[in-house]
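Biologist: Could we take a close look at one part of this one? I'd like to follow a single helix and see how its neighbours sit around it.

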Amino acid sequence: EWMFHGAGIVVWFCMAPAIAAAERGSIRGAASAGFVFGAVANTLLLTWLGQFGPLGIGYLFTVIGTGLYYAATFAVARTISKTLPGWSLVAWPSAVVVMNGYKGAGFMGFNWCDLGHVLASIPSALPMIQIAEIGGVSAVVFLLVFINAAIARAGLRAVDVMERGEGALGDAFRRATRNREVGVLAAVVVAVGAFGAWRLSVYEP
C-alpha cells in the first residue's frame, strides 16, 4: 500500500525530475540521478517495515539496494537515449520494464516497490490500470514511466526556451507542449483510459 494513504497520484510525475536531470547529463550522471531517486523514494516507501520493529540494517541495505537498481536502470535508459535520441521517450519505460524483470527474477528476486503496484489502491486510477489485462503489471509500469518521461522532456524544452530568452515560464511551457511527443502522450492516455472505462463497464463480478 502507498504510505501516504491515497497520495499515490504523485507516481504519475514523481520520476520526471530525475529523468530530466539524467537527460541533461552523462551516463554516470544519469546513474547518480537514478540512485538518488531510488534511495529517496524507498526511504519513504519502506518505512512501513517499522511496524514490525525498529528500522535497522536490513532497512538500510534495502534502500541502498533499490537505489543501486535505479542507478543501473537510469544508466541503461540514458545509454539508449544518448545513442538513439529519437527513441528517448520509449527508451525510459522500456529500460524500466526490462530491468524490473531482472530485479524480480530468481530465488532472490525483489518484487516490492514496483511502480505498477501503487495505482492498485487508487480508485480513480482503475480505468488506467486495466491495460494489465493485456500486458500485466509491466504494461502499467510502461505507461507510468512513459508519462513521466514525456513530462520530463516537455520541462527540458521549456527550460531551453527560457535559457534562450525566447519567453517567460508560461510561454515556454506552451511552446514546449506544442510538439508531436505531447500529442502522442495525449493519444495514449485517452486510448488507455477509454479501454479501461470500457472494460469496467462490461465487468461482471
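In which kind of crossing, left-handed or right-handed, does helix 1 pass helix 3?

Modeller: Right-handed; in other words, the near helix is turned clockwise from the far one by less than a right angle (anticlockwise would be left-handed). Bear in mind that this is a predicted model, where local features need pLDDT of at least 70, side-chain atom pairs count only at pLDDT 80 or more, and totals for chains, interfaces and linings use all residues. Residues are numbered from 1 along each chain as its sequence is written, and side-chain values use heavy atoms, with hydrogens and water left out.

Let's zoom out for a second. The protein has eight helices and zero strands, where helices are DSSP runs of H or I with at least four residues, strands are runs of E with at least two, and both are numbered from the N terminus.

Now back to our pair. The axes of helix 1 (residues 16-24) and helix 3 (residues 57-83) come within 10 Å and cross at roughly 50°; axes are lines fitted to C-alpha atoms, over the stretch in contact for helices, and angles run from 0 to 180 degrees between N-to-C directions. That angle makes helix 1 oblique to helix 3, since under 35 degrees is roughly parallel, over 145 roughly antiparallel, 65 to 115 roughly perpendicular, and the rest oblique. Ala18, Ile19, Ala22 and Glu23 of helix 1 meet Phe74, Arg78 and Ser81 of helix 3, with contact meaning heavy atoms within 4.5 Å. Sorted by class, that's four nonpolar, one polar and two charged residues.

Helix 2 is another neighbour. Helix 1 and helix 2 pack at about 165°, with axes 8 Å apart, and are therefore roughly antiparallel. Their crossing is right-handed. Here Ala18, Ala21 and Ala22 of helix 1 touch Ala30, Ala33 and Phe37 of helix 2.

And the core? The largest nonpolar core has 41 residues, and Phe74 is one of those with the most contacts inside it. Such a core is a set of buried Ala, Val, Leu, Ile, Met, Phe, Trp, Tyr and Cys residues joined through side-chain atoms within 4.5 Å, and buried means under 20% relative accessible area with a 1.4 Å probe, protein chains only (over 50% is exposed, in between partly exposed). Helix 6 gives this core the most, 11 residues. Leaving out residues up to four places away in sequence, Phe74 touches Ala18, Ile19 and Ala22, among others, plus Ala30 and Ala33.

Key: Ala, Val, Leu, Ile, Met, Phe, Trp, Tyr, Cys and Pro count as nonpolar, Asp, Glu, Lys and Arg as charged, and the others, Gly among them, as polar.
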